[in-house]
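Biologist: Could you take me through the cavities in this structure, and what lines them? I'm new to this, so please explain the terms as you go.

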Amino acid sequence: MGAYADLPGVRTWYETEGDGDPLVLLHGGFCTNETWGAQRPDLAGAYRLFLPERRAHGHTPDVAGPLSYRDMADDTVAFLERVVGGPAHLVGWSDGGVVALLVAAARPDLVRRVVVIGANFRPGPECFTDPAMLDAMTPDSPDMEFFREMYAAVAPDGADHWPVVAAKVVDMWRTQPTLSPEDLGRVRAPTLVVAGDDDLMTLEHTAALYRAIPGARLAVVPGASHLVPLEQPERINRMVLDHLAGDAEVETMMPVLRAASGAPGGAAG
């Protein structure tokens, strides 16, 4: 069952499930909580899940003006403070991963551990494997049918508002996020970076993201795309659970990046 929380930025729909320490699941762009269906049973067996749907997504209405990751991060901070009631683990997929990184950098007091899946820190033209796909993502294009139907089924603004939201999201992808490695260096929560080996984001960009976050861990899933949580749910669920339950320190026999950086979670060489 879901409910609305009256946050300062937008009246936000969310769902809860399970018991234990709080874990917030942040869905991808154009998506709803429905896309976490393959993760919810396993994760709810160990954690108290909170699943907010961001502004202009799912049951949460659109707001005036353009969409921005920073506004959605502010919404998430308010959600953590007012609904969750304190710090939580964050698992973000795609756009949700961007939001998770922004929250972790700005409010380390509210973030315990982080998993980002298929996330980016620069705009689409700089990090997409095929930047031309942005030009093809028109509201009525066949490739958008899945997202269009998901939006129309639950959107409080009605199905006719879809072209407005579609344009806003694509415009956001063209110009945002605009994080630097220095910005990512402010993320102090133990972070796992996950991507498919045939992801929407280039592997080079994913590697740069991983290297910029102190003490981060990297998992490139073989035979997987940007939709790896749907394609290989058991593997992803196990990675998430292991990371959230793991110790802060990483012990390896031949540290290189961690030995060189002296980053939190590293091991001496």
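Modeller: Here is a walk through the cavities, starting with how the model is read. This is a predicted model, where local features need pLDDT of at least 70, side-chain atom pairs count only at pLDDT 80 or more, and totals for chains, interfaces and linings use all residues. Residues are numbered from 1 along each chain as its sequence is written, and side-chain values use heavy atoms, with hydrogens and water left out.

Now for the empty space. Rolling a probe the size of a water molecule over the atoms shows where empty space is left. On a 1 Å grid over the protein atoms alone, a cavity is a set of points where a 1.4 Å probe fits but cannot get out, and lining residues have an atom within 4 Å of a point. Grid points are joined across faces, edges and corners, and the volume is the space filled by probe spheres set on the points. By that recipe, the structure holds 3 cavities of 30 Å³ or more.

Let's start with the largest cavity, at about 70 Å³. Its lining includes Leu-7, Val-10, Thr-12 and Leu-26, and also Pro-52, Glu-53, Arg-54 and Arg-55. Asp-75, Thr-76 and Phe-79 are in the lining too. Which elements do these come from? Strand 4 (48-53) and helix 2 (69-84) each supply at least two of the lining residues, and helix 2 gives the largest share, with 3 residues. (Helices, H or I with at least four residues, and strands, E with at least two, are DSSP runs numbered from the N terminus.)

What about the chemistry? Sorted by class, this lining has 5 nonpolar, 2 polar and 4 charged residues. Here Ala, Val, Leu, Ile, Met, Phe, Trp, Tyr, Cys and Pro count as nonpolar, Asp, Glu, Lys and Arg as charged, and the others, Gly among them, as polar.

Next comes the second largest cavity, with a volume of about 40 Å³. Around this one you'll find Tyr-69, Ser-94, Asp-95, Asn-120 and Phe-128, along with Trp-173, Leu-200, Met-201 and His-226. How many of these residues are nonpolar, polar and charged? The lining of the second largest cavity divides into 5 nonpolar, 3 polar and 1 charged.

One last stop, away from the cavities: Asp-183 lies in helix 8 (residues 181-184). The side chain of Asp-183 makes a polar contact with the side chain of Arg-186 at 3.0 Å. (A polar contact is a pair of N or O atoms within 3.5 Å; within protein, one must be able to donate a hydrogen and the other to accept it, and residues adjacent in sequence count only if both atoms are side-chain atoms.)

How values were computed: 1 Å grid on protein atoms, 1.4 Å probe; cavity = no way out; pocket = protein on both sides within 12 Å on 5 of 7 lines; lining within 4 Å.
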